[in-house]
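Hi,

Here is the structure I promised to pass on to you. Have a look at it first, and then read on for my notes.

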Amino acid sequence: GATDSEKRVLCLSAENESLKQSLSVTQGLLQQLTTIPSQSSTMLIKENENLRGRVQQLEISLQQRAEQLSQLESKSEQREWRRGEELRQREDRVRELELELNKERGKDPVVKYVTQTVEVESPATVRQLTKARQRNEVLSERLSSQNERCKQLEEQIRKSDEYSCNLQHKIAAYEREIGKLREELLKEIGHLEERKEEAVKAAASCSAEHFQNLQDQFFTLQKRLTALPPTLRSMKMDYASLRSQVRNFSEFYGAAINEAKKQISAAISEMSEANKDLLEKYRKEVALRRKLHEQLVELKGNIRVLCRVKPVLKEDQHEEGQSVVVTTDPNNESSLTVMNKGKNRSFELDKVFQPHATQEEVFQEIEPLVTSCIDGYHVCIFAYGQTGSGKTYTMEGSVENPGINQRALKHLFSEIEERKDMWSYTVTVSSVEIYNEVLRDLLSKDGDKLDIKINPDGTGQLHVPGLRVIEVRSFQHIKKILATARRNRVTFGTQMNQHSSRSHALLCITVQGTDLASGSKTTGKMNLVDLAGSERVWKSGAEGERLKEAQNINRSLLALGDVIQALRGRHTHIPFRNSRLTYLLQDSLGKGSKTVMVVQVSALERNLGETLCSLKFAQRVCKVELGPAARKIESGGGLCD
């Protein structure tokens with residue numbers, strides 16, 4: 001067994017030497033390939049790099065195999081030495097046993113005792129011999145496993161030989177391809193030299209033509225230079241005349257200023273006389289303007305519906321369903337068209353804003369209602385539409401571009417400032433939200449839950465006991481109150497809107513005015529309502545608490561639709577108490593109020609269903625008649641409309 005393993009080791013070492021030689025030949029070929037000029041193609045360079053990597057892998061695998069062979073040689077030597085030691089020990093033991101047997105045979109006495117002694121020692125010897133045989137069998141099994149391992153190594157070496165042969169074939173193919181590329185490069189170089197000669201000839205001919213053109217231009221410039229001196233002389237004469245005129249201008253300017261001062265003083269004296277008449281006419285005109293303004297609002301309808309189309313934002317352009325299906329007509333400010341299943345459907349409303357309309361343009365339609373609130377009317381402005389359509393932006397806006405709420409309050413205080421010589425006003429503010437059909441005070445730190453009751457003063461109007469009402473004296477003061485209400489409002493993110501309002505927010509402004517001349521008092525009330533957005537649960541992805549919020553929002557908006565339907569049909573019973581929202585808006589939606597609804601719609605195709613629902617609801621609201629608006633004024637005889 002030892003001689004066979006040694007032979008295998010010798011064979012494997014010889015094969016390793018041959019592999020090393022083939023590797024050295026391959027490295028030589030690679031070195032020859034690296035001497036190719038730098039003008040060779042990038043493909044050859046990449047293949048050379050691959051070949052070098054493969055050669056390095058082969059060297060590593062050969063080193064590993066050599067290490068495995070050296071380990072096998074050391075292991076086989078150790079096993080041979082152990083076998084020799086065991087055989088020597090067995091031979092020594094056998095000799096000792098033979099000597100003991102000879103000594104016992106040479107003794108004459110007690111044969112019986114000697115026989116017994118031999119019988120006692122013979123089983124131990126047999127056991128040792130059996131153990132030795134077992135060890136020999138184990139060693140023979142290990143030797144057979146080593147033989148199998150050697151066969152596997154031989155198979156691996158044979159595969160590596162085949163791989164090296166394949167590499168040699170590939171290298172020969174690469175050499176042939178390199179030869180072809182060299183021939184093609186030489187041909188290309190020849191073609192390039194021919195083109196270079198042609199280009200040199202063409203450049204020479206072009207340079208001659210260019211030189212001729214330059215000469216022509218030079219001659220023309222010379223001619224123009226000869227014609228310049230007369231022109232310069234005439235320009236000098238003009239300059240001298242202008243200089244003399246400038247000297248005389250200062251005297252003329254002083255005389256003109258003195259004349260203008262005399263005319264201005266005369267005009268000022270005439271204006272001061274006419275201002276008294278104009279002031280009286282202005283007061284009459286203000287009264288007439290107020291009357292005409294109220295008639296205009298009445299003619300436009302007590303519930304006016306304004307539509308604002310949300311422009312397509314940049315983040316919406318990269319998502320599916322971003323095509324625009326809602327179009328407006330610049331020549332018709334009361335109509336918009338929706339494309340649905342290949343057909344156009346038109347909706348007629350009181351006012352339709354273009355998608356690029358500014359916050360100021362929207363407020364200009366609302367501004368007359370703010371003036372009506374100061375004059376003692378009940379006014380309601382609310383935004384309606386799907387979630388994410390821009391209702392909160394229209395009502396509240398941003399810091400740089402405020403919405404209806406701040407603009408209305410700013411206009412309210414500016415009107416109060418203009419009338420301070422004739423009227424004295426007191427402005428109070430409160431803010432509530434309806435979250436999951438629960439009324440919460442947005443100006444209270446604890447957010448107490450509130451309820452709606454009938455006012456015990458006998459007027460029949462509604463009031464909210466415990467609601468915090470704050471008196472404000474400036475626009476800056478009310479801005480802080482609005483910021484507090486905005487922070488306390490409930491908002492969460494959904495799949496349709498990252499900052500979705502999960503409640504209905506109502507800002508109530510009460511304006512009480514006193515005429516300094518007659519003592520009559522007016523009470524106006526303005527409700528600014530930002531409704532929560534209607535949403536489809538499967539589309540917004542609402543779950544858990546968000547699902548409960550969406551259900552309550554949709555339920556309250558459905559109750560609002562029922563109230564609008566009853567008002568439109570002039571039913572005797574109006575279901576205001578079906579929802580906290582409609583119950584709180586009963587004063588604004590009842591008779592004698594001025595109401596404006598701003599419906600917000602999206603122009604994208606993915607929101608087509610919600611857009612159609614909002615516009616259909618808006619058309620129903622357009623047909624609601626609340627009757628003539630009533631002014632709340634208290635004279636010496638009591639309260640009257």
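Below is what I found, starting with the whole chain and ending with an annotated stretch.

First, a heads-up: this is a predicted model. The protein has 12 helices and 19 strands. Of its 641 residues, 35% are buried. If you take the contacts between residues at least 6 apart in sequence, 71% of them join residues at least 24 apart.

Now to the helix packing. Helix H4 covers residues 359–374 and helix H6 covers residues 404–418; the two pack at an angle of about 45°, and their axes are 9 Å apart. Oblique is the word for H4 relative to H6, because the angle lies neither under 35 degrees nor over 145, nor in the range 65 to 115. Their crossing is right-handed. If you want to find this contact on screen, look on the H4 side for Gln359, Glu360, Val362, Phe363, Ile366, Glu367, Val370, Thr371 and Ile374, which meet Ile404, Arg407, Ala408, His411, Leu412 and Glu415 of H6. By class, the residues in this H4 and H6 contact are 8 nonpolar, 3 polar and 4 charged.

H6 has another partner too: helix H7, residues 475–488, packs with H6 at an angle of about 160°, with 10 Å between the axes. That angle is over 145 degrees, so H6 runs roughly antiparallel to H7. The crossing of H6 and H7 is right-handed. Here Gln406, Leu409, Lys410 and Phe413 from H6 meet Phe475, Ile478, Lys479, Leu482 and Arg486 from H7. This contact of H6 with H7 divides into 5 nonpolar, 1 polar and 3 charged residues.

Last, the annotated stretch. UniProt, in an unreviewed entry, lists a "binding site" at Gly385, Gln386, Thr387, Gly388, Ser389, Gly390, Lys391 and Thr392. I looked at two of the threonines listed there, Thr387 and Thr392. Thr387 sits in the loop between strand S6 (378–385) and helix H5 (391–395), while Thr392 is in helix H5. Are they buried or exposed, or something in between? Thr387 has a relative accessibility of 3%, so it counts as buried. Thr392 comes out at 27% relative accessible area, which means it is partly exposed.

That's what I have for now. Happy to go through it with you whenever it suits.

Cheers

How values were computed. Residues are numbered from 1 along each chain as its sequence is written. This is a predicted model: local features need pLDDT of at least 70, side-chain atom pairs count only at pLDDT 80 or more; totals for chains, interfaces and linings use all residues. Side-chain values use heavy atoms; hydrogens and water are left out. Axes are lines fitted to C-alpha atoms, for helices over the stretch in contact, and angles run from 0 to 180 degrees between N-to-C directions. Helices (H or I, at least four residues) and strands (E, at least two) are DSSP runs, numbered from the N terminus. A crossing is left-handed if the near helix is turned anticlockwise from the far one by less than a right angle, and right-handed if clockwise. Contact means heavy atoms within 4.5 Å. Ala, Val, Leu, Ile, Met, Phe, Trp, Tyr, Cys and Pro count as nonpolar, Asp, Glu, Lys and Arg as charged, and the others, Gly among them, as polar. UniProt positions are given in the numbering used here, feature names are shortened, and annotations may be inferred rather than shown by experiment. Buried means under 20% relative accessible area, exposed over 50%, partly exposed in between (1.4 Å probe, protein chains only).
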